[in-house]
Amino acid sequence: MKNKLYYILFVVYVLTFAFVLYANGVFTGDSSNLLNLLINVGFLVVIGILFIISAVSFGRLNRCTDELADAADRMYEEYRGTGKNLWEKYRDKTDLFQEETLQTAFSKYRARMRNYQTKRGYVHVCDPEEYINEDLLDQTAMTYYNSGISGTMTGLGILGTFLGLAMGLGSFNGNDIFTISDNVGSLLSGMKVAFHTSVYGIFFSLVFNFVYRSIMSDAYGKLERFLVVFRQCAMPPAAGEDENAAAMLIYQANMSNYLKQITELLKGDAKEQTDGVERMVKRFTEQLQVSLETDFKEFGNLMKDTGRAQQAYGDNCKSLIQAVTALVEVNRNVQKALEQTMKRQEEFSEELAEQKKKLEDTCENISSDISSQLYTFEQMRNVYEK
């Protein structure tokens, strides 16, 4: 079943968009500041574009994980019905997956297993997790992009905060109480933009982080279930130790029989012994080839193929180590960026508190001055009337 949790992003987005329009008086016809409305709408459009790109990657991830879950269900049902290993059926199956990414990975797995195949079975069995793993799902889900969306939302909120404050403070000027009071409205309008962008930037960051982690957790769970079912029902069987031991016993029995025949031949004359030894060597060579079920040339080719497979495995391990190192470095950079963002946010909170205190002090001083002037005016009027 598809994980449609990311639809929550668009529901929250629409509600937030409607709230911003309502707060700016679009529905009531009281839109006094068009610039504030345009800034908020511009920020929301950018966030909407980021959400659409993420939704596309989540949809592609859903298709992959759904195919893994369906394949696991089919394998389990077939295995439960027959009770036999299903590798003979799946080793040449090219339509197990419809998604190109999974189909390519499974084709590589089948090609590698063919390199390990001999007449007696598979000399080595590799795990499908080497090809179908969490790294494959991370690439499908664009983790390199989605992992930075949460921080981007927070950064947009902080950017809107500074932009709103810059707008408000830029239009706040005056030298006396009358000019200052006329500019308080523009200051409050700029602070309105600042607080709105900060609120929905942080809010979207929290919601997206929750949705993203839930979707990836569900995807990893479906992958793990597929790997468990495949190992149980369709993992290629390796050559058993009992078969190798039986072949060794047959080889020892044949060697004992040949030695016994040689001992009997030594009792005859030289010519018979020579002919017998030649026949024995010929029969020994033929029996040795039959016992090994291959000639030495084929054995050499098999060893070369095994060496190439080991070289390919080493190259894959090296690439995996490089990818993991790059991923660790990216995570470290993201963590540093988040720490710097949090530090800037704390500094900004402190600045806001200081600005608030200064504004309160200014308003209190203005109120005191007005009261004093009114009192003076009242005294002068009384004197004049007398």
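E347 is partly exposed, because its relative accessible area is 39%, and the terms here are buried for under 20% relative accessible area, exposed for over 50%, and partly exposed in between, with a 1.4 Å probe and protein chains only. E347 sits in helix α11, residues 296–385. Helices are DSSP runs of H or I with at least four residues, strands are runs of E with at least two, and both are numbered from the N terminus.

Before going on, a word about the source: this is a predicted model, in which local features need pLDDT of at least 70 and side-chain atom pairs count only at pLDDT 80 or more, while totals for chains, interfaces and linings use all residues. Residues are numbered from 1 along each chain as its sequence is written, and side-chain values use heavy atoms, with hydrogens and water left out.

Back to E347. Together with E346, E350, E351 and E354, E347 belongs to a patch of negative charge on the surface. A patch takes residues with over 30% relative accessible area and no salt bridge, joining like charges within 9 Å and nonpolar side chains (Val, Leu, Ile, Met, Phe, Trp, Tyr) within 5 Å. Asp and Glu count as negative, Lys and Arg as positive, and His and the chain ends are not counted. The place of a charge is NZ of Lys, CZ of Arg, CG of Asp or CD of Glu.

Now the whole protein. Its secondary structure comes to 11 helices and two strands, and buried residues make up 31% of its 386 residues.

At the N-terminal end, which residues of α1 are buried? They are L9, V12, Y13, T16, V20 and L21. Y22 is also in α1, residues 7–23, but counts as exposed because its relative accessibility is 52%. Y22, V26 and F27 form a nonpolar surface patch with about 330 Å² of accessible area together; areas come from the Shrake-Rupley method with a 1.4 Å probe, and for residues only the protein chains shown count as cover.

After α1, N24 lies in the loop between α1 and α2. N24 is buried, with a relative accessible area of 6%. G25 has a positive phi of about 75 degrees. Then comes α2, residues 34–82, whose 49 residues reach 71 Å from first C-alpha to last, close to the expected 72 Å. The expected span is 1.5 Å times one less than the number of residues.

Next, salt bridges: a side-chain nitrogen of Lys or Arg within 4 Å of a carboxyl oxygen of Asp or Glu. How many salt bridges does the structure hold? There are 13. In one of them, the side chains of R63 and E99 meet at 3.8 Å, N to O. R63 is in α2 and E99 in the loop between α3 and α4, so the pair ties together parts 36 residues apart in sequence. R63 is partly exposed at 40%, whereas E99 is buried at 15%.

Helix α2 also supplies E78, which forms a salt bridge with K89, the closest N and O atoms being 3.0 Å apart. K89 is in helix α3, 11 residues away from E78.

Further along the chain, R231 and D127 meet in a salt bridge of 2.8 Å, N to O. R231 lies in helix α8 and D127 in the loop between β2 and α5, so this pair ties together parts 104 residues apart in sequence.

Last, M142 has a positive phi of about 55 degrees although it is not a glycine. M142 is in the loop between α5 and α6, and it is buried, at 16% relative accessible area.
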